[in-house]
Every structure is written in C-alpha cells, then in structure tokens.
Number of protein chains: 4
Amino acid sequence: MRRSSFLAATVPAAHGGLGVTSLHDLMVGVNRLARGDASTAIAVNMHLTGVLGAALLMDRSRTAGEEMAADVLRELLIQVGRDDKVMCFPLTEAGTDHTSPRTEATPTRGGYLINGRKTFATISPAADLFLPTVRVPKPEGGFLTATAVVPTGTPGLTVEDNWDSLGMRASGSHDITFTDCFVPTRFLIGQVDSYGSLGPGYLASAMMVHIPLLGAFLGIAEAAREYVVAEARIAKNPGHRSLSSRASVRLLMAQMDIALAECRGMLDRVSHLVDDLLNRPESNAPDIMTLHRAMKEVQCAKYVVNRRSVEIVDHAMTIIGGRAYLGRNILSRLYRDARAGGFMQPFSPVDALEYIGKVSFDLVSALE
Amino acid sequence: MRRSSFLAATVPAAHGGLGVTSLHDLMVGVNRLARGDASTAIAVNMHLTGVLGAALLMDRSRTAGEEMAADVLRELLIQVGRDDKVMCFPLTEAGTDHTSPRTEATPTRGGYLINGRKTFATISPAADLFLPTVRVPKPEGGFLTATAVVPTGTPGLTVEDNWDSLGMRASGSHDITFTDCFVPTRFLIGQVDSYGSLGPGYLASAMMVHIPLLGAFLGIAEAAREYVVAEARIAKNPGHRSLSSRASVRLLMAQMDIALAECRGMLDRVSHLVDDLLNRPESNAPDIMTLHRAMKEVQCAKYVVNRRSVEIVDHAMTIIGGRAYLGRNILSRLYRDARAGGFMQPFSPVDALEYIGKVSFDLVSALE
Amino acid sequence: MRRSSFLAATVPAAHGGLGVTSLHDLMVGVNRLARGDASTAIAVNMHLTGVLGAALLMDRSRTAGEEMAADVLRELLIQVGRDDKVMCFPLTEAGTDHTSPRTEATPTRGGYLINGRKTFATISPAADLFLPTVRVPKPEGGFLTATAVVPTGTPGLTVEDNWDSLGMRASGSHDITFTDCFVPTRFLIGQVDSYGSLGPGYLASAMMVHIPLLGAFLGIAEAAREYVVAEARIAKNPGHRSLSSRASVRLLMAQMDIALAECRGMLDRVSHLVDDLLNRPESNAPDIMTLHRAMKEVQCAKYVVNRRSVEIVDHAMTIIGGRAYLGRNILSRLYRDARAGGFMQPFSPVDALEYIGKVSFDLVSALE
Amino acid sequence: MRRSSFLAATVPAAHGGLGVTSLHDLMVGVNRLARGDASTAIAVNMHLTGVLGAALLMDRSRTAGEEMAADVLRELLIQVGRDDKVMCFPLTEAGTDHTSPRTEATPTRGGYLINGRKTFATISPAADLFLPTVRVPKPEGGFLTATAVVPTGTPGLTVEDNWDSLGMRASGSHDITFTDCFVPTRFLIGQVDSYGSLGPGYLASAMMVHIPLLGAFLGIAEAAREYVVAEARIAKNPGHRSLSSRASVRLLMAQMDIALAECRGMLDRVSHLVDDLLNRPESNAPDIMTLHRAMKEVQCAKYVVNRRSVEIVDHAMTIIGGRAYLGRNILSRLYRDARAGGFMQPFSPVDALEYIGKVSFDLVSALE
C-alpha cells in the first residue's frame, strides 16, 4: 500500500500526494478497501483523514499568517507524500472524551514534555509519526488543546502492543504511553482555546474522520451480502433447493438490501453536504451553527450505518445457518468487525442521540 | 392551483406547460405542498406524473413513427397546458393488481366500449379527463393492456362519490364505474402486449408516480416534526419546564430526525438515479434488467419512507401527549394520512419485499 | 351490561357484587369485552377498577379504625352492587400529571367546594357518581391529595360533551368541569400527604387500572388477528390464490402471532405477580420499594403491549391491503383505537422509560 | 458437577436421579448456571433434556409393552443416575435438517453398522455415550428414524476435536464421525416411521430441549445486565458522573429491562403450558395439532428470546463503551455467546417464521 501511493492520497499534489480533498471520494476508496478487510481500511482511514486535516490546517495557518505552524505541517506532509511515512493520531483516553484529553504537554526548556496514556491508537504498529491530542496548562488556569508531533523512537514513547479485541484485529489499535516525551516547541501544533467543548476545528475533523470511516462499515455489510448472494444460489446437495429458492430467504435478503439502500442514501447525501461545507473558501467558512447542523447529519448517518451494518451481517448469518457461527466462516469475522462502529467517538449511540436531540431543538449553545 | 400553472408543470413548454421532467424536482414540489396538506398533494401528484408519462409517451410515439398516438397525446397535453384540464388515472381494481386490469375495452364499431370498476381513483372529483388502464381482448386469446381516454360527461362514466377512508380525505379517491362507455379508436392509447407482467412501460410509469409521491409522505413527517419543535419549546404552565428541556423528549426527537435523515438520503439518491435513467435518449434507453434494478431501489425507498413517516408522526404524538389524540389536533390527521403510503401499489410492503428479494438474487426472469 | 351484574364484578359479595379481586381475572374479562368493542371495554374498566380500589380502601380504612371513611365507601359500593350505579374517576388534567391535580377542594362550612377541569373522563356520560382526584390546601402550605365524591346532578358539575378523538369514540371521555361544587366533609375520602409523589396508594391503584386495561389492548390486537385469519383463507376471485397461500403473508402473520405471544406472556406474568402483592394481608403489605419494582414490571408490560397492539393491527392492514384503509373496514377502527394505549397515564412511553430506568438503577428515592 | 448429582437431575428417582420432569424447573436451573457460563449450561442442558426424553420414552415403551426397549433405556438411565455417565445426542448434519438424518444404520448380523457425520455435537468431549439420530432403510424403500446408542470407545467413533466458533467455546460442539460403528440390535431405539416429517416424538423432544435452553440465553442477558448495573453506578474518575446519572443511559437500561421482562413473561408462560401437556397421562396424550400449537408458542418464545438476548448484550456494550469491545471484557464474550441461539435447530429464525405462519393459518397438514 505504501508503494501504491494510496497512503499519500490526501497529501496535496505539490507535496507528492494525490491531492484528494473530497470526503465522498475518500469514502468510496475506504469502502472498496473494507470490502476486502475492514480493519486495514479503518487503519488506513485514520492516517488518510488525519493527513487531510493536516493539509487543511496548513492552508488555514498560511492564510492566518502563522508561518511557523504552516512550515511544520508542510514538512510533515512531505514526509507522507514523498517518504511514505504513516501517521497515527491517538485521541481516545479512558475516563474522558475527545474534547478533554488528559495527556498533558508540560512546558519545559525549548519545548514540552508529554505524559499520558492513549487507547485505541489505530495503525500504531505501522506508524512513523504519532500525533496525540494533548492539553496544555494555561497560566491563568484551565487548558488549551493541541496536537503534539512525536516521531517513532522518541524516548518515553511506547506502543503497548496490547490490542486484544472482539474484532478489527488487524487495526493495531494498541495503547500508547507517553512518559516525559520531549517535543520541541514548533512540534506542538494547532493550539486552540476550546478544551472540553465542541469547537469548529473539532467538528470539522470529526466529520473528516467519520464519513470515510462509515464507508468502511458499509463495506463490511456489502461483503456479507456478496457472500450470501453467492452461497444462496447454490444447491448444497443434489436434489436440494438452493437457499434463494425459498421465499423466506428472499424476504430476509430484501431486508438486507433495504438496509444497504438506507446506508448508501445517507452516506451519499451527507458526504456531498459536508464536502460542500469544508471546501468553501476561508472567506465563506461555515459558522459554528452550520457546522453543528452538518455534524448532526453526520451523526444521523453514523447512527444508522453502525446499526444497519451489524443487522445486515446478522441477517446474512441467519440465511447461511449454523456454519456462519464457525470461526473459519467469513461472516463470523464480519460480525465481530461490524460491532466496532458503534464504539467509535464521536459519538457512541448514546452520546449521538443526546447530541442530535440538542441540535434538533437548537439548543446548540448548551453544546459549545 | 389551476391558475398558478402548477398543474401544467409537466406539460412540455411547447404546449403551454413548464416542461418539468425531473422527478427530483417534482418530488420537491409535491413535498412542499404536502407539508400543508398531503391529500391535496397526492391528488395533484397523480395528475402531474400521469401527464409526465403522457409527454414521454408522445415523444416515444413520435420517434417510433406512430403519428396518430402522438397527435392524440399532443391534444391532451394542450388541454392540460392551455385549458387547465385535470387528468385522473384510475389504475386500481379490487381483486387484481395493476398489471392485470379487468376493466375491459371491447371492440365495437368505430371504437371500444369500456366496462369495469376502478377503486382509489384519486383526484376524480376535479377531473376533466379519465384515463383508466384497460385490457383489450386479443383475437388469439389473452389480452393487451392499454389506456382509454374518457372525458367527463361520457355516458356510462360515474364517479361513485364513495370515498370514506381512515385518512387522505381530500384526495377524492372515489370508485369509478364504466358502463358501456364509448371511446373512439384513437382514444385507446399505449397498447402493449404485457398483460400481467412488469414490462418496461409499467416500471417507468410506476417510478414516475412513486418518487414524487414519497415526497408527499416525507412532507407529512416534516409537518409533524415542525409542530413538535414549535410546541416542545413552550413551557405550558408558569413554573413548568418545556418539553424540550427533558432529556427523554430530546432523545425521541433525535429518533425522529434520524428517521427524517434516512428518508431524505434515500429520496435524494433514488430520484437522481431514476432521473438519469429516464431522461436518457431513446438510443440509450435502459434495458429491462436496468429498470428492474432501479425499480428495486425505488421500492427500497418506498418501503422505508412509508414506515418512517408513520413512525415519525407516532413519535410526535408521544412527545405531545394526550391532546395529540384529539380529533382537532393536527397530529391525529397526520397519523391517519401517513398510513396511506403503505397501501399504494406498486408495491405494498409484502409485495415489495417479494419483489426486492427476487431482484436481489437476479431472479428477474421470474418477474417478467 | 347493568343487568348482567358485570358492572358489579368488583363489589364485595356482601354488598351485592361478585367479589372479584384478581386483576388477572379482571384482565381476562376486559379482554373478552374488548375483542368486540374496545372503547366500551376501557370505559367499563375505569369503573370496575375504580370500584376495586374503593373496596380495598374500605377494608384498609376499617382495619385502621377509620370508620367514617369505611362507612362512606360501603355506601358507595352498595350503590354499585345493588343499584347498578356507575362510577367515573376523572384523573387527568392538562398541564400536570396524575400525582399533582390542580382541581382543588377548598374548605367551606360543612364540606368543600370543588373547582377545576378534568380531561379524558372516560365513561362520563353513563356515570352516576364522579370521583375526581383533588388537592386540598394544607394550612402550613402545600397540598394533600384526596378523592371527592360528586353525584350526578350536583350543581356546578358539567360533563362538557366534547369528546372528539382519533379513536375510542364510544368511551365517552369528555372533559368535566367543577365549579364551586359542594361536597360534604365525609365525601372527601382517601386524604394522603403525597401530593406530587408516587406514594403506595398511587402505585397500587395505577397497577389496578392498567393491568386489565392492557387486556383491552390485547383484545384489539386479537380482533385484528381474527379478522385477518378469516379473510386470508378466502380466495377473493375464482382462480385466485387465498392470501394465506402466499409465503410472505404467512411470515407477516407469524410476526403478528409472535407479538401476541409476547403480550400474553407479559400480561400473564405481571397480573399474577401483582395479584400476589395486592392480595397480601395488611400485616404483610408490600413496602414502597417492592411496589416500585412491581410497578416497573407493569410499565414494561404496558410499554410492550401498547406498541405491539398497534403493530399487530398495522400488520393486519398490510396483509388485507387497500380496503383496510376504508372507513367501513374494522381494521381502520382498530388502528385508531389501538393508538390510544400509549397516551394513558401512568405512563406514556417517554415517562415509562424514565421511570423504568430509575427503578432499574435503584434510584427509587429520586421518585418518592 | 458430576459429584453434585446435577447431571442426574432428570433421571427418575428409582434409578438414582432427582426425578425432575418439569421443563420450567429445568429452565430455572439451566438459567442460573448460564449466568456464570453459558457454554457449560448449554452443554449440560443437552445431556439433561436428552436424559429426560429417554426417561419418558422408557415409560412409554413400558406402557406399550415394548419391554426390550424399556429395559435398554433403564440400563442407560441407571448409568447416568448411579455412575455419573454423560450423554451426547448428536442431531445436526450439514445439508439436511433434524428430521432427515443421513447418518445411516445399515442392518448387519446381530445389529447395525452406523456411518455418517454429525456436527455441533455439544458436550462430546465429556460424553460416555453417544446417541445420534440415524435413518434405517426400509425394505420397501424410504427410511425409519431411530436413535443409536454408541458408547465411547466403540471402534469407528471419532470426536473430531474441531470446534472453533464465534462463541460458546466451552460447549465442546465438535463434529462426530461414525465409520462402520457396530451397535447391537437392542441399541437401536425409538424407531418411528416419520422420516422427514414433524412427528409427535420429534415435537415433544424439541420442546424439551429448547425450553431450558432458552433459559440459558436469558442467563446470558441477565449476566450482561448485572455487569452494567454494577459498573454504571461507579463514577470512573473523581469529579465525574456515574453512567447511571445520565438520563440517556437510564433510558437504554430501561430498554434492556423491558426486553428482559418480555423474555421472562414468554418463558414463564410457555414452560408451564408445555409442562401441562407433556406430563399428561398417556390416556390423555395431546394430539398432533395440540403439539403443533404448543410448538408454535415455543418457537415464538425462541424467536424473541434469541433476539432479545443479543439486543440486551448489545445495549450493555453501548452503555459501557469502548472497553466492552476488548477481548478481556465479559461483554465481548457474552456478545459472541448470545448469537449462538438463533442457529439452534429447530428452528432458525427463517424456519421459525415459516413454521409459525403455517400453524397460524391451521395449515398443519402441510407440515406433517
């Protein structure tokens, strides 16, 4: 994959990449990959969409006259675009949410010391660069949020090699510990004063990550569907009917295809909608309310796709019968993989319903 | 509405209409109308999409060198475009499906005698022209399918004035009886040899009718949602909380908005998909398999929108509480109206699941 | 019905009734009635279970040495048992819940003046005695809750004759207004200091009302099911298949019967469980926590039965097709009737989920 | 467990067992076991309910004067009751259903040679006696169905040690192959002429197996629920709220408890119903129609319990969040275990809906 330049898809062309900026197109690519192996697809997605975020941040920094930040980001993007570097963005920590990291960047001479523990750091075994979200203490109390750039090999950085999960086993989502990892000042990027709240940068990057990610869960469902279609046409024993000759099996297949059509419609609509928003010129950048309303649509799609992908695989197992429960059957892997979607923040189903309901009633101020 | 030229929307511009051919655009228009009154919207939709079918048939007839048919259709379209005539397309009969009408056109001197009874003839009280589907006996046995043109006032034509239903009370979907109604030969149009089967013309016209029609059911759901949003923000009594301040109400509203997002995604996708198919030049006309696959997507959308619109209104009633059960409350009307969708052929939910399942397994030959 | 002594079912035998105390048995009786007409069944149920509550209160008052209250209740029960009087228990008011009535009993010479407005006063046109819940101001501020006995003909009592609803049209659930209705002191019964909270008396009487009431909604579903079974076996046209010969119809019928089995299992279990609790001797009366856990089970059953009864009728309509949407078809009435269940307090689905969740986590103190 | 005499629960007391004949009581026992470990519980259930079937068959054989069969069964029951022997009943084969085994008993001198392959032979590693269903060729063509008794150590009997599954990993449900396994004539028991059909013996034994088995799936759901209740009350970090303090979490917990109440109600009702049927004296034995109607109720319960147990564990995972996806978390095991239920014959969800629908329409003759 490194050789195919797929990993440089979202690096600007000027820096050696393909310059893809459309989430719709990324979603289609990640979807195709996931039909083969979803855990690889989600690993790649974390890299690709993180890189896309870095590219957008570079542009914004340049526009804002923040040359140092823009230069650092350019360097990083060149490493991805020309040298096939892989990025890992550890966001999650036990006992807190993504907007309130406890991994801390403590100021020290010439930079910061990073301390903390991240979980679910997808693609970590293959990563050359780690970019954890961190909090930075403010002199007056409270915190800023930022991203630290920690290259592999930095003393104090450990990939814990402890990923053991129900599914998505090839995603390499190990814990990462940072123990007094030194990063120079310029490698603490994207500082914003929105600790604990859903700021515009957070909303934008969440939408960037999740739209293509949903393509991966659609891919899981499609793989289950294709397996069933192929199997159900075959009469397993001479003189026996094929599964597809049974009306009851066809009705369950219809339920699967209805669920697929729901996912496709929602992903199609929401990806175009967000592409329109995020590719606007800076002068016409969406305000926070507009971002919340877009994020709400993304969350509606996420809620449905995460559920439907599980249901579709479940129906596929029902049609195939007992052998689908065996470890060697592809459906038992797809069933374990599909369930991962609902856990991915932001948001879990419970959080998503809370969020959507607030936006529905225009209670956005309660969210800021 | 006659004055606004809305009723001439699908008449070609050359014949006095607006020349709308996009089902997506028609769907949006019907949707807006339905937010105010769904039964009017579905009545208008039957006229508009029937007229659209007539316009396409005129073009196809002209291309095929069938000048007489083309001329008749041009006359009819001009009556709609210039004289504000309203068309009613009675399709349904008790005890049979749309592909196998029993209303019969029996050859007689100079034309045909029409006999039979149609049900659910939406917009019949306002109609100037009735265009029932009929069967025409073939000399060798069996039937052709065709459409008869029967102007209001034709002896033997009776609008039974018996529409009494759970909802959609303004749609005027009375029974129509035809008793030895004479129509001249040229007024029996669109004869095809596909009695009892899902031919290309049938599939195309079903998609034309149902895509905008689904917009009407989305409109019902949207009207319920808007009512709830407005009501739920108000504290009903001094010192009381508004409904929207309750977490449980917001979660139910989230379910409503997720369901709306499902409908919008599916309708958006399927309307563009079918517009692409039906607006192709004759030389690139879709084959029957392609039409079946498109029809399957339409049916998936219909299945979901028909259910979700009921569920959304149901949730709205739950949020509002007991007064939503009163006859004067808008939600009790919307609840009765929304349930109509599932009955509309083709297809009911049971038939739809059968059809989708067959197409899913490429058992299309079983459908022809 | 007055003649059949059915209306005296819950009056103790000593006072001219049948002495039924089992909610399970009442549920079965109300269920059978509802198969024929649900709005009559719920009307009768309000009377029967209110009378049962009065009989239990009489016993408890006697045990507690409250002879005056016991004597009043005996008089009332004799009126029901011997003179076929009908009782109406108006509980609901707009803008508040059942534990916090705003209808007020203001002390006056020799009694109280009742003022307020009740809604959904089921069986009101047939009632001889009205027993609204009221609040009584406490000298130190705050309120007691009590029940006033207001015979028909009392000056200031008006049955508003304004019941106009989606369904349950024969239940006579008019608004009732009380304007300076005088009741003598002894006719204000059951005073308890639990205004605004879920006290033991409230929980017990709610369970008494709702268990048989759920039998009525099961009866609606059963009526729909029986109609479908009868219709689906008949081939509507010579040479046509019966509906039951279609696999897809049988699968939907299976869903109906699964839903019925869910309802029956839950009602069977919960009715025996509550019968065991409420028929215990006073010395072994259940504590408030036990009552909450039982009420939780009742609410689980109510949540499911209210939904399933709508779904079962909905499936029945789907199987029957378009004619089920006509006003004269029994299913369109059952569909309107079934929806009433979810509105009936305590609790609506939203309130029920809140309540169940609190009891599940033993957060009962938050409920008292 | 062998020591506790739990494994002899269903052996008649006269033969060293506890004499349990109530499916309700067995269900409760299996349920308690499954709360700890479901795969052990289902393994034990296969033994216990098979033994119960053997005890009933012994009685019936004795009544019918079939002394040889009765004596063989008595010997086997004594081995279980006194010597703690474990029985394994291999029923399932790839490509056919339970009524039509292809494992064949070919007559040979002094007995039969057994050949065939069984799958999902739960408890096989611990078994002392294998009792596969077999077919026996009839001289006139066609087959009888019977059960062969094959002790461990019989030449040609191999436990394939190939159980590798999504869950239920301790159930030991390996494949079993029989290659020219000799069994003496008296060890071929229970011959009936019902190959390929749902005869009374088949229905009775299916109900015996599945009612307690459903108790195991309820136990899985209960274990998930208990885990959540314990975890959700704890605030994970100082200054943080517990999960149970969130309204949205409580609403999801309410859904879990509603689902549990559905399962309990259905299992309670159906277990008593079947106990009443199967414990009738021979003279009052239920006819085939009665058995079908009972089997239908069992299948309704199975359909619901199999789904709800998955849903309940799924909700539990949602409440707990990301760590529930880790392999070491109990919920990820429960999620894999719960899914097994739907595969267990008779019937899978697809077959169950077909069966229920036929019984609903009294099309039982089509099932015989």
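Trainee: Where along chain C is the place of Ala14(C)?
Mentor: Helices here are DSSP runs of H or I with at least four residues, strands are E runs of at least two, and both are numbered from the N terminus. On that count, α1 of chain C covers 23-36. Ala14(C) has its place in the segment before α1.

Trainee: Let me get the ground rules straight: this is a predicted model, with local features needing pLDDT of at least 70 and side-chain atom pairs counting only at pLDDT 80 or more, while totals for chains, interfaces and linings use all residues. Residues are numbered from 1 along each chain as its sequence is written, chains are lettered from A and ligands numbered from 1 in the order in which they are written, and side-chain values use heavy atoms, leaving out hydrogens and water. Now, is Ala14(C) buried or exposed?
Mentor: Buried means under 20% relative accessible area, exposed means over 50%, and partly exposed is in between, with a 1.4 Å probe and protein chains only. The relative accessible area of Ala14(C) is 61%. That makes Ala14(C) exposed.

Trainee: How far apart in space are Ala14(C) and Ile78(C)?
Mentor: In sequence, 64 residues separate Ala14(C) and Ile78(C). In space, C-alpha to C-alpha, the distance is 8.9 Å.

Trainee: Over to backbone torsions. Which strand holds Phe120(C)?
Mentor: Phe120(C) has phi near 55°, a positive value in a residue other than glycine. Phe120(C) is partly exposed, at a relative accessible area of 28%. Its place is in residues 111-121 of chain C, strand β3.

Trainee: And what is phi of Asp180(D) near?
Mentor: Asp180(D) is in strand β9 of chain D, residues 174-184. It counts as partly exposed at 46% relative accessibility. Asp180(D) is a residue other than glycine, yet phi takes a positive value, near 50°.

Trainee: Is the peptide bond from Pro346(A) to Phe347(A) cis or trans?
Mentor: Phe347(A) lies in the loop between α7 (330-338) and α8 (349-360) of chain A. Omega for the bond from Pro346(A) is near 5°. The bond is therefore cis.

Trainee: What is omega near for the bond from Pro346(D) to Phe347(D)?
Mentor: Phe347(D) has its place in the loop between α7 (330-338) and α8 (349-360) of chain D. The peptide bond from Pro346(D) is cis, with omega near 5°.

Trainee: How many disulfides does the structure hold?
Mentor: A disulfide is a pair of cysteine sulfur atoms within 2.5 Å. The sulfur of Cys88(C), a residue buried at 0% relative accessible area, is 13 Å from the closest cysteine sulfur, in Cys181(C), so that is too far for a bond. Cys263(C), buried at 1% relative accessibility, is in no disulfide either, with the nearest cysteine sulfur, that of Cys300(D), 11 Å away. Over all chains, the count is 0.

Trainee: Helix packing next. Are α5(C) and α6(C) roughly parallel or roughly antiparallel?
Mentor: Axes are lines fitted to C-alpha atoms, for helices over the stretch in contact, and angles run from 0 to 180 degrees between N-to-C directions. Angles under 35 degrees count as roughly parallel, over 145 as roughly antiparallel, 65 to 115 as roughly perpendicular and the rest as oblique. The axes of α5(C) (residues 247-278) and α6(C) (residues 288-320) come within 9 Å and cross at roughly 160°. So this pair is roughly antiparallel.

Trainee: How many residues in the contact of α5(C) with α6(C) are nonpolar?
Mentor: Ala, Val, Leu, Ile, Met, Phe, Trp, Tyr, Cys and Pro count as nonpolar, Asp, Glu, Lys and Arg as charged, and the others, Gly among them, as polar. The contact has 4 polar and 4 charged residues, and its nonpolar residues number 24.

Trainee: In chain B, is the crossing of α4(B) and α6(B) left-handed or right-handed?
Mentor: α4(B) (residues 200-232) and α6(B) (residues 288-320) pack at about 20°, axes 9 Å apart. That makes them roughly parallel. A crossing is left-handed if the near helix is turned anticlockwise from the far one by less than a right angle, and right-handed if clockwise. This one is left-handed.

Trainee: Last one: in chain B, which residue has the C-alpha nearest the axis that relates chain B to chain C?
Mentor: Copies are superposed by least squares on the C-alpha atoms of residues with pLDDT of at least 70 in both. Chain B can be laid on chain C with an RMSD of 0.0 Å by a turn of 180° and a shift of 0.0 Å along the axis. The two copies are thus related as by a two-fold rotation axis. At 4.1 Å from the axis, the nearest C-alpha in chain B is that of Arg336(B).
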